[in-house]
Amino acid sequence: MKDTAKHQGLRNQLVTVLQQKGITDKNVLDAIKKIPRHLFLNSSFEDYAYQDKAFPIGAGQTISQPYTVAFQSQLLEVQKEHKILEIGTGSGYQTAVLCTMGAKVYSVERQNELFKKTSLLLPKLGIRPKHLSFGDGYKGLPNFAPFDSIIVTAGAPIIPKPLMAQLKIGGKLVIPLGEDHQIMTMLIRKNETQFEKHEFGEFRFVPLLENKN
């Protein structure tokens with residue numbers, strides 16, 4: 001669990017790359033500068049941890065490209081104490097970014113192997129989400145709703161209705177929509193029944209699977 005000056009230097013370089021790609025939210029950049037991303041990867045990938053690329057993490061899943069993590073986090077406009085529902089804990093890296101930004105994170109993972117691994121890793125790094133659970137992300141976490149925002153870290157063919165229902169009025173749902181490649185989509189809840197939709201171009205994600213634990 002080493003984090004060295006070399007790693008910090010690589011993180012600083014990564015932040016510069018993200019700024020060049022248009023990430024401007026200082027809180028997002030500060031979080032990425034702090035979090036030892038190499039500890040979320042298999043040690044054989046350690047040398048690549050600070051490249052702006054996605055990598056396999058087991059169970060057929062990936063740790064998202066840093067730019068994607070930064071882009072989704074920036075869309076959420078995270079404020080301290082915001083209650084955020086994350087669908088797809090994965091490696092826990094996105095969870096760590098949101099926690100470091102001061103959010104109260106509730107996260108769901110459907111791959112048991114990843115859920116166990118990440119549940120052990122995050123406390124070792126001093127990162128404490130409010131709630132980690134193993135289950136079907138399509139259902140969200142109704143017991144903890146409503147949420148200030150919801151982030152989905154897997155490609156979804158449709159927007160799951162339960163997630164829309166668990167969003168506060170004024171809240172944001174950020175989700176990559178589509179089958180083979182996805183359009184990053186943000187819904188803002190205007191009132192009980194109306195949502196405003198924004199699209200932000202194409203991204204690639206592993207699929208969000210329903211009922212397949």
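Let's begin with helix α1, which spans residues 5-20: its 16 residues reach 23 Å from the first C-alpha to the last, close to the 22 Å expected at 1.5 Å a residue. Keep in mind as you look around that this is a predicted model.

## Two sides of helix α1

Which residues of α1 are buried? They are His-7, Arg-11, Leu-14, Val-15 and Leu-18. These residues cover an arc of only 105 degrees around the axis, which puts them on the same side of α1. Turn to the other side of α1 and you will find Ala-5, Lys-6, Gln-13 and Gln-20, which are exposed.

What do the buried residues of α1 pack against? Their partners are two other helices, α2 (26-34) and α3 (66-76). After α1 comes Gly-22, and the phi of this glycine is positive, near 105 degrees.

## Salt bridges

Side chains of opposite charge can pair when their charged atoms come close. In this model the count comes to 10 salt bridges. Here are three of them, with the distance between N and O atoms.

| Pair | N to O distance |
|---|---|
| Asp-30 and Lys-26 | 2.7 Å |
| Lys-172 and Glu-77 | 2.5 Å |
| Lys-168 and Asp-148 | 3.1 Å |

Take Asp-30 and Lys-26 to start with. Both residues lie in helix α2, 4 residues apart, which is about one turn of the helix. Asp-30 is partly exposed, with a relative accessible area of 26%, while Lys-26 is exposed, at 58%.

Now look for the salt bridge between Lys-172 and Glu-77. Lys-172 lies in strand β7 (residues 167-177) and Glu-77 in the loop between α3 and β3 (83-87), so this pair ties together parts that are 95 residues apart in sequence. Is Lys-172 buried or exposed? With a relative accessible area of 12%, Lys-172 is buried. Its partner Glu-77 counts as partly exposed, at 48% relative accessibility.

Strand β7 appears again in the salt bridge that Lys-168 forms with Asp-148. This pair links distant parts of the chain, with Lys-168 in strand β7 and Asp-148 in strand β6 (residues 147-152), 20 residues apart. Lys-168 counts as partly exposed at 32% relative accessibility. Asp-148 has 19% relative accessibility, and it counts as buried because the cut-off for that word is under 20%.

## Rings that meet

How many aromatic pairs does the structure hold? There are 9 aromatic pairs. One of them joins Tyr-48 and Phe-55, a tilted pair with 5.7 Å centre to centre and 35 degrees between the planes. Tyr-48 is partly exposed, with a relative accessible area of 38%, and Phe-55 is buried, with a value of 10%.

Another pair is made by Phe-71 and Phe-203: the ring centres are 5.1 Å apart and the planes are at 40 degrees, so the pair is tilted. Where do these two rings sit along the chain? Phe-71 lies in helix α3 and Phe-203 in strand β9 (residues 195-203), so the pair ties together parts that are 132 residues apart in sequence. Phe-71 counts as buried at 14% relative accessibility, and Phe-203 is buried too, with a relative accessible area of 9%. Both rings belong to one aromatic cluster, formed by Tyr-67, Phe-71, Phe-200 and Phe-203.

Helix α3, the home of Phe-71, has already come up in this report: the buried residues of α1 pack against α3.

## Charges over rings

Rings also take part in another kind of arrangement here. The charged end of Arg-37 sits over the ring of Tyr-93, 5.3 Å from the ring centre. In a second example, Lys-83 lies over the face of Tyr-106, at 5.6 Å from the centre of the ring.

## The enclosed helix α4

Tyr-93, the ring under the charged end of Arg-37, is one of the buried residues of helix α4. Why is α4 described as largely enclosed by the rest of the structure? In this helix (residues 93-100), 7 of the 8 residues are buried, so the rest of the structure largely encloses α4. The buried residues are Tyr-93, Gln-94, Thr-95, Ala-96, Val-97, Leu-98 and Cys-99.

Just after α4 comes Gly-102, which takes a positive phi of about 95 degrees. You met a positive phi earlier at Gly-22, which follows α1.

Definitions and conventions. Residues are numbered from 1 along each chain as its sequence is written. This is a predicted model: local features need pLDDT of at least 70, side-chain atom pairs count only at pLDDT 80 or more; totals for chains, interfaces and linings use all residues. Side-chain values use heavy atoms; hydrogens and water are left out. The expected span of a helix is 1.5 Å times one less than its number of residues. Buried means under 20% relative accessible area, exposed over 50%, partly exposed in between (1.4 Å probe, protein chains only). The arc is that of the directions from the helix axis to the C-beta atoms. Contact means heavy atoms within 4.5 Å. A salt bridge is a side-chain nitrogen of Lys or Arg within 4 Å of a carboxyl oxygen of Asp or Glu. Rings of Phe, Tyr and Trp (its six-membered ring) pair if their centres lie within 6.5 Å; planes under 30 degrees apart count as stacked, over 60 as edge-to-face and the rest as tilted. A charge sits over a ring if NZ of Lys or CZ of Arg is within 6 Å of the ring centre and within 35 degrees of the ring normal.
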